[in-house]
Amino acid sequence: MRKAPVLYIVIPCYNEETVLPVTAPMFLKKIQELITKGEIAPASRIMFVNDGSTDNTWNIIYDLSESDEHYIGISQSRNRGHQNAVLAGLMESQESGICDITISIDCDGQDDINAMDEMVKQYRNGYEVVYGVRNKRETDTFFKRFTAQTFYKLLNWMGAEVIYNHADYRLISCRVLKELAEFKEVNIYLRGLVPLVGFRSTQVYYERHERLAGKSHYPLSKMLGLALDGITSLSIKPIRMIAGVGTIVSFMSFLLIIWILVQFFRGEVVQGWASTCAIMCLVCGIQLICTGIIGEYVGKIYMETKARPRYIISDRTYEKRDDDEEDKSIV
């Protein structure tokens, strides 16, 4: 069995001033419990990633870091989205030089933090990636449950390798993170990228609870955006489907032209606009949908060619602490 690793819990935060004071002590209690049991090393930390919050989130993170050494935080220069915030925390942990494993988890308290015990255990048993998987979705509305499950099935049908009912609650070793850093995509979808890296993996099942405080910052529009990113970042099957639809429509149009010519020479052509309009609407609608899907891929290519940074860290609590100590020594 592996020795007790240094664990960094990576927690993305966006406008979480309501829930952070509630869940931060829970994370601290869990990490202290694991240290006491000898499951993780005392150098383990809880890393909050401020994703350009407009409320008091960063000040709370800084105050937490002053209250206990296990709390640390980084802040992005602006809001860049949940996936980029998670990636920033993972890469910062990996680059620290002391971290052995990371566990990414949302700060709202919905994911069962007790599942971390089993995740760490599985890592010490030799697994490099441990996925947190929901065993049921009873806390979700019917609409959210139906759309989420449909999305996972759709992704798998399109050839994208994703873990069913897994979000972003996972353990990743720094060995895997080192390889993940070689994936330079600007449009990232971690739920699909991590399985692509490979290495030995397993799953831990848990129950998801209600949000402890505040409100969700992931409305339907963001969920749809994430779903679109997931599909277009991991699969080219929609492009192939377009080619298939185009082939079928072209073949049907060819048969229709033959039928029209036969009817013309038989003198049985019926003058009318209904059939013509119906066919035109069908073909134009298909063309617009196909153009939109192709445009989405072209837009992705456009963003990738720019190679803009996926995250920019503007502040670190531990750098501030070092600056404060230097100021005190000068005085």
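The following paragraphs go through a predicted model, from the overall chain to the sheet, its helices, two loop residues, a surface patch and the salt bridges.

The chain holds 11 helices and 8 strands. It has 331 residues, of which 43% count as buried. The accessible surface comes to about 17,600 Å², and carbon and sulfur atoms account for 59% of this area. Contacts between residues at least 6 apart in sequence are dominated by long separations: 84% of them join residues at least 24 apart.

The strands come together in an open sheet of 8 strands. Read across the sheet, the order is β7-β5-β6-β4-β1-β2-β3-β8, and the pairing is mixed. The edges are formed by β7, residues 201-206, and β8, residues 313-316, each of which pairs on one side only. From one strand to its neighbour the turn is 25° on average, with direction ignored. In general, strands of a sheet pair through backbone hydrogen bonds, in a parallel or an antiparallel manner. Strands β1 (residues 7-13) and β4 (residues 101-104) are a parallel case, joined by 4 bridges. In this region Leu 7 stands opposite Ile 101 in β4.

Two helices show how the sheet is covered in different places. Helix α1, residues 20-36, lies across β1, β2 (45-50) and β3 (71-76). Its direction makes an angle of about 150° with β2. Helix α7, residues 190-197, lies across β5 (129-134) and β6 (166-173), and runs at about 35° to β6.

Next come two backbone details in loops. Most residues other than glycine have a negative phi. Asn 15 is not a glycine, yet has a positive phi of about 50°. This residue lies in the loop between β1 and α1. Asn 15 counts as buried because its relative accessibility, 18%, falls under the 20% limit. Phe 199 also has a positive phi, near 70°, and is likewise a residue other than glycine. Its place is the loop between α7 and β7. At 33% relative accessibility, Phe 199 counts as partly exposed.

On the surface, Ile 248, Phe 251, Met 252, Leu 255, Ile 258 and Val 262 make a nonpolar patch of about 570 Å². One of these residues, Leu 255, belongs to helix α9, which spans residues 237-265. Leu 255 has a relative accessibility of 43% and therefore counts as partly exposed.

The charged side chains form 9 salt bridges. One of them pairs Lys 30 with Glu 33, with the closest N and O atoms 3.2 Å apart. Both residues sit in helix α1, separated by 3 residues, or about one turn of the helix. Their exposure is not alike: Lys 30 is buried at 2% relative accessibility, while Glu 33 is partly exposed at 29%.

A second salt bridge connects Arg 175 and Glu 128, where the closest N and O atoms are 3.4 Å apart. Arg 175 is in helix α6 (residues 174-180) and Glu 128 is in the loop between α4 (115-124) and β5, so this pair ties together parts that are 47 residues apart in sequence. Here Arg 175 is exposed, with a relative accessible area of 52%, whereas Glu 128 is buried, with 5%.

A third salt bridge returns to the helix α7 side of the sheet. The side chains of Arg 191 and Asp 168 meet at 3.3 Å, N to O. This pair links distant parts of the chain, as Arg 191 is in helix α7 and Asp 168 is in strand β6, 23 residues apart. Both Arg 191 and Asp 168 are buried. Elsewhere, salt bridges that share partners join Lys 30, Glu 33, Lys 37 and Asp 117 into one network.

Methods
Residues are numbered from 1 along each chain as its sequence is written. This is a predicted model: local features need pLDDT of at least 70, side-chain atom pairs count only at pLDDT 80 or more; totals for chains, interfaces and linings use all residues. Side-chain values use heavy atoms; hydrogens and water are left out. Two strands pair if DSSP finds at least two bridges between them. Axes are lines fitted to C-alpha atoms, for helices over the stretch in contact, and angles run from 0 to 180 degrees between N-to-C directions. Contact means heavy atoms within 4.5 Å. Buried means under 20% relative accessible area, exposed over 50%, partly exposed in between (1.4 Å probe, protein chains only). Patches are made of residues with over 30% relative accessible area and no salt bridge: like charges are joined within 9 Å, nonpolar side chains (Val, Leu, Ile, Met, Phe, Trp, Tyr) within 5 Å. Accessible areas come from the Shrake-Rupley method with a 1.4 Å probe; for residues, only the protein chains shown count as cover. A salt bridge is a side-chain nitrogen of Lys or Arg within 4 Å of a carboxyl oxygen of Asp or Glu.
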